[in-house]
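Colleague: I should like to request a close look at one part of this model. Please begin with a single strand and then set it in its wider surroundings.

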Protein chains: 2
Amino acid sequence: MKTESTTTTLQQVADAAGVSPATVSRFLNGTAKVSGEKREALERVIEQLQYKPNRLAQSLKMGTTRTIGVLTQSIESGYFNKTMTGIEDVMKAAGYAMLIMSGHWHADEEADRVELLIGRRVDGVVILTGNMTDGQILKFSKQVPIIAFGRKLEGERARGFCLDNYAAACEAMELLVEQGHRRIAFIAGPADQEDARARLAGYRDTLNRHRIPVDAGLIVDGDFQESGGLLAVDQLLASQQRFTAIFAANDLMAYGARLALYRRSIRVPDDISIIGFDDLHSSMYTTPPLTTVRQPLYEVGTCIGNMLLPLMGQKSAPAHIPALSLVVRESVRRIA
Amino acid sequence: MKTESTTTTLQQVADAAGVSPATVSRFLNGTAKVSGEKREALERVIEQLQYKPNRLAQSLKMGTTRTIGVLTQSIESGYFNKTMTGIEDVMKAAGYAMLIMSGHWHADEEADRVELLIGRRVDGVVILTGNMTDGQILKFSKQVPIIAFGRKLEGERARGFCLDNYAAACEAMELLVEQGHRRIAFIAGPADQEDARARLAGYRDTLNRHRIPVDAGLIVDGDFQESGGLLAVDQLLASQQRFTAIFAANDLMAYGARLALYRRSIRVPDDISIIGFDDLHSSMYTTPPLTTVRQPLYEVGTCIGNMLLPLMGQKSAPAHIPALSLVVRESVRRIA
DNA sequence: TTGAAAGCGTTACCAA
DNA sequence: TTGGTAACGCTTTCAA
């Protein structure tokens, strides 16, 4: 028997305005016309009591939370966050909030988070890459519509798409070759990530297409982190390989590579050219500014949003899968 | 009249196990002992029906959502995201999910988001800096406990703290002075941000303390973005100011400044020294690696989490406000 | 146009 | 230890 509840309820509004709760609800939702005097009374009372509907109750009743769950891999990642910004913008406009959890590239953890999300009754889920199997995702999609980024997927209530990393990697390689480079080192990403594999394939195939021998000694493993790029170049240099250009499978590794070169006073692009992949915002400000492949991450986000909305029975703008593109800056130079 | 509901309810579990819903609930929550045979039946039925409690219903009933709202300024910002990672880690451990919204440094938008969060009945809110007034926050805190970062605040259910930017800025300046610099340029942050003002004050006061004249021409406005740093240095150079070092109020601007110098073949640190503020992850990999003030952002996040938990009636680890520290790398050199 | 009442899936009080 | 049942705050038939 509380003397006063902390938040006003629809019932209280109804009492104060001298109408039934049903009428208040209808008034609030515009579900039906409310006659002049009641409407005025309601407006006044609602204003006065500062009434705000309890979304929990609404959700329970209507079976929809107007909340989506986003499974990212790391909240810290500039890569994912740009995408999330795109998602946020279209979702906010549609009245959805975002529950965000991270999976840290660990399939078990990812599945666990998705279950948590479903338990919280989100209306939709977006999965940004990760290591779950398509099967797992398809199974989850029986409970909730899912859009996955970073994998091709087609299901009743699940869709997945990725950008053409292979083609873009080829394009980057073409630039290098066209600028006269023949001995091109490649710093690879983690082999368990599809994007990383596609980029490596682009590297290999372009070399083959130009009848340039693929030298295994020129391909070194990285981890998509700056430190990996640094180590990779150290290793390359230690092995006495001769090369005039480096293709780093992502920008972060390009940063690391660039520092390794700097440490030895090897100039970029005078002595060695570097090309990256992602086009992180900072890449415009490295010295020299990095030539790289631009991932239209924000647009990926809006695309995801616009793909998810219809699956939740909402209308949306058409979803265009954006394209990768080469952005030429100053880290690659033509050689004789 | 659905033939089959999409999710199993506690009632269905009760029916299937031949007990009352109350018993199921008690079993699930360990609220009371359940006798042997019923317990077995329940375990079996729950497993078989794959029953998962509806958190919405639980929340409605219990008045707690086990969800916190985080108001960040930009989901894209590496600065905020590192903090969010810290928050996420302690919250996840305590069983809380995070609803994330961004305010984009706009007081109205921020207030709007916080209202949205409250409308969704989050159990707590964290506000990462921003432009709302303390009054606004204090008012919101009547509805929900709030921890704010980037401002001092003390209320019944609101607490705010910030790091000692002033002291850290002084420390950075001391380094420069100690290394023989007298003509030090300062690239300021937005004057409406407390942190930016504190850093500027540290710059000024340190100069004064050493009886080095403060030359207004050496202080130029920035916006905490790379582009602002670039512009600032352009402006400094155009105005023919003589200086041997630059103190950028944050790392991003230091990056921009560094590029502006690079464009003119001015070497760092040989010709000009640069010091930043924040210690973004990338600052370890710039060329040269940036000397800067480290913001212990992840620790700020865990601190926030541990401060919020008690306000929501949960126990937590003790909350230590972490300290800023100077990290000396290679962008500052001693001059004659 | 309006109201009464059932129900969304839980929890917790009161009896038994 | 258990069950019955009244909430939690809302929406939505069904009648009037």
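Which residue of β10(B) does Phe247(B) stand opposite?

Modeller: The partner is Ile275(B) in β10(B). Before going further, please note that this is a predicted model: local features need a pLDDT of at least 70, side-chain atom pairs count only at pLDDT 80 or more, and totals for chains, interfaces and linings use all residues. Residues are numbered from 1 along each chain as its sequence is written, while chains are lettered from A and ligands numbered from 1 in the order in which they are written.

Phe247(B) belongs to strand β9 of chain B, which covers residues 245–248. Strands here are DSSP runs of E with at least two residues, and helices are runs of H or I with at least four, both numbered from the N terminus. In a regular strand the side chains alternate between the two faces of the sheet. In β9(B), Ala245(B) and Phe247(B) are on one side, Ile246(B) and Ala248(B) are on the other, and all of these are buried. Buried means that 20 or more other C-beta atoms, placed from the backbone, lie within 10 Å of the residue's own; with 12 or fewer it is exposed, and in between it is partly exposed.

The strand has partners in β7(B) and β10(B). Strands pair if DSSP finds at least two bridges between them. Strand β7 of chain B, residues 184–188, runs parallel to β9(B) and is joined to it by four bridges. There, Ala185(B) stands opposite Ile246(B). The pairing of β9(B) with β10(B) is also parallel, over three bridges. To pass from β9(B) to β10(B), the chain goes through α11(B) in a right-handed β-α-β crossover. Right-handed means that, with the strands pointing away from the viewer, the path from the first strand over the helix to the second runs clockwise.

Chain A offers another example of this arrangement. Strand β4(A), residues 146–149, has Ile146(A) and Ala148(A) pointing one way and Ile147(A) and Phe149(A) the other, all of them buried. Four bridges connect β4(A) in parallel with β3(A), residues 124–128, and in this pair Ile127(A) stands opposite Ala148(A). Helix α7 (residues 134–140) lies between them in sequence and completes a right-handed β-α-β unit with β3(A) and β4(A). Four bridges also join β4(A) to the parallel strand β6(A), residues 158–161, where Ala158(A) is the bridge partner of Ile146(A).

Let us return to β10 and follow the chain onwards. The loop between β10 (273–275) and β11 (292–294) of chain B holds Pro288(B). The peptide bond joining Thr287(B) to Pro288(B) is cis, with omega about -5 degrees. In chain A, the bond from Thr287(A) to Pro288(A) is cis too, with omega near -5 degrees, and Pro288(A) is found in the loop between β10 and β11 of that chain. Most residues other than glycine have a negative phi, and most peptide bonds are trans.

Asp278(A), in the loop between β10 and β11 of chain A, has a positive phi of about 130 degrees although it is not a glycine. Asp278(A) counts as buried because 25 other C-beta atoms lie within 10 Å. Ser265(A), in the loop between α11 and β10 of chain A, likewise has a positive phi, near 60 degrees. Ser265(A) has 7 C-beta neighbours inside 10 Å and therefore counts as exposed.

Finally, consider how the two chains meet. Residues are in contact if their C-beta atoms, placed from the backbone, lie within 7 Å. By this rule, 35 residues of chain B are in contact with 35 residues of chain A. On chain B, the elements that each supply at least two residues to this side include α11 (251–263), the helix of the crossover described above. Others are α4, α5 (78–93), β2 (97–102) and α6 (107–119).

The largest nonpolar core has 82 residues, and Met98, Val125 and Val126 of chains A and B have the most contacts inside it. Such a core is a set of buried Ala, Val, Leu, Ile, Met, Phe, Trp, Tyr and Cys residues joined through C-beta atoms within 7 Å. Leaving aside residues up to four places away in sequence, Met98(A) touches Ile68(A), Val70(A), Ile87(A), Glu88(A) and Met91(A), as well as Leu99(B) and Ile100(B).

Note on methods. Two residues are in contact if their C-beta atoms, placed from the backbone, lie within 7 Å.
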